[in-house]
Amino acid sequence: MTAIPLRYLSSGSPALTSSTASTSHPNGSNPTSGTRRLKPLAASQRAFLSSALRVNQAGELAATLIYTAQTPHVVAREPHLRPLMQHMYDQEAAHLSTFNALIARHRVRPTALYPVWSVLATGLGWSTALMGREAAMACTEAVETEIGGHYNSQIRALLEMVSGWEAEGYDVGDELRDLIRTLRRIRDEELEHLDHAVQHDAQKAEPHWLLTGVIRAGCRGAIWVSERV
Amino acid sequence: MLLLCSRAVHRCRRAYHSYDHPKSAGPFNAAEEAILAAAYRQVPEHGFTDAALAIGAREAGYLDISTNLLSDGAFSLIQWHLVQQREALAARKAALFADDSSDPSAVAARVEALTWERLLGNTDVMGRWQEALAVMAQPSYIPESVKELAMLADEILFLAGDVAVDPTWYTKRASLSTIYAAAELYMTTDHSPGYFDTRNFLRRRLGEANEFGSAAHAIRQWVGFTASAGLNMLRSKGMRI
């Protein structure tokens, strides 16, 4: 019930609709032309960018571990889900390596709670998979709902940053544009997982409200902590 | 309040490094830079002292009193040295490593070369460096000194092409900071030609750290393998876990 409207909410907002809209510059400035004027990043903007990359890395790490822990159980019961689990795992692993590379490149400190997230995520994946396919899918549904909203709020903040620069007459570098494009692509893939989970009876998990409520609250707490530590 | 300030500084310095955007302003403004650059030339003779700062201010065309700009006094001069030397490393990297291939197996060797390069940056002020270390160890300057040390370790590992972003990110920086600080202290009493003994000291310490790191890695791998093998065995016995 809560899961599906999110996608429409997010893509209904004009600022978030399509990735092609963002890439065309209103001033028509060409990145290869030599006259680029970029504003130095303010301390608060740098802090935002580093905490955003840090929390995203922690989240994707957790996602790969959840799927790693879930796959053997889910597949043992229902072998036809193997390609789906593999597909979702592969996408999460690609997201993780994207953020690992970004963190190393932009010299951001990784989360200090890396071992804690590893243990908690493996435990979450393992326990929901033990409860059955529906619970495992409900876990995906809950996590991806939170993550989709989380990525959307990051994209929104970045777009605000970009429109602030444009209003002041500054250019916007490829670095930030690429980051927004990457976040949008990853957001869409995460929401695709959400749809898969709902299609595979996530909402038949018993008790669905409790399971998703607890996992979503846990996700929000983990995001809050990872942005800081 | 002090804690808050230092946290704010910490955040803005250790944050996101942009390749597109111009750099934000450094820790010193133009007048301070002029005074410090002139004063730094006096250090071999006058040490990291207020006297050197006063001469520097005069040489830069300011009144003696203008050293009051630098609220930390002599410590600002030390900080100037540390920041200058750290920022110079990036330029020297090109000369040190002719091939720009970021071969991961060469990271340890690159770390050693860069650390040694940084230590050699102290040679001009070596006669005064013990005094400087004493000032840096004063309680009010310890946070700033430790932060600068951490930033140096981060810079060296970044320039060496280390891209690990797991918990070893922390252990590598901590061990490199410790080794650098120890080698720096060792160097102040080293009278061997070309600081030969310091070089060997550094090599031994880094070797030990690498050995420890690979041992820890081996143990982690063994535990992980054993755990998953045990789990799979239980599963093969029909246990649903």
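## Exercises on chain B and its contact with chain A

**Exercise 1.** Determine how many helices and how many strands chain B has, and which pattern they form along the sequence.

*Solution.* Begin with the inventory of elements: in this predicted model, chain B contains 10 helices and zero strands. Then follow the chain along its sequence, which gives the order α-α-α-α-α-α-α-α-α-α.

**Exercise 2.** Compare the radius of gyration of chain B with that of a compact globule of 241 residues, and describe the span of its C-alpha trace along the principal axes.

*Solution.* Start from the reference value, which for a compact globule of 241 residues would be near 18 Å, and set against this the 22 Å of chain B. Next, take the principal axes, along which the C-alpha trace of chain B extends over about 85 × 45 × 35 Å. Turn then to burial, where 26% of the 241 residues of chain B count as buried. Finally, consider the contacts in chain B between residues at least 6 apart in sequence, of which 64% join residues at least 24 apart.

**Exercise 3.** Work out how many residues each chain brings to the contact between chain A and chain B, and which elements of chain A give two or more residues to its side.

*Solution.* Count by chain: 24 residues come from chain A and 21 residues from chain B. On the side of chain A that touches chain B, the elements giving two or more residues are α3 (43–77), α4 (82–105), α5 (114–130) and α7 (174–199) of chain A. The most is given by α3(A), with six residues. Sorted by character, the residues on this side of chain A comprise 13 nonpolar, five polar and six charged.

Definitions and conventions:
Residues numbered from 1 in each chain as written. Chains lettered and ligands numbered in written order. Predicted model: local features only at pLDDT ≥ 70, side-chain atom pairs only at ≥ 80, totals over all residues. Helix = DSSP H or I, 4+ residues; strand = E, 2+ residues; numbered from the N terminus. Rg over C-alpha atoms; globule rule 2.2 N^0.38 Å. Buried ≥ 20, exposed ≤ 12 C-beta atoms within 10 Å, placed from the backbone. Contact = placed C-beta atoms within 7 Å. Nonpolar A, V, L, I, M, F, W, Y, C, P; charged D, E, K, R; others polar.
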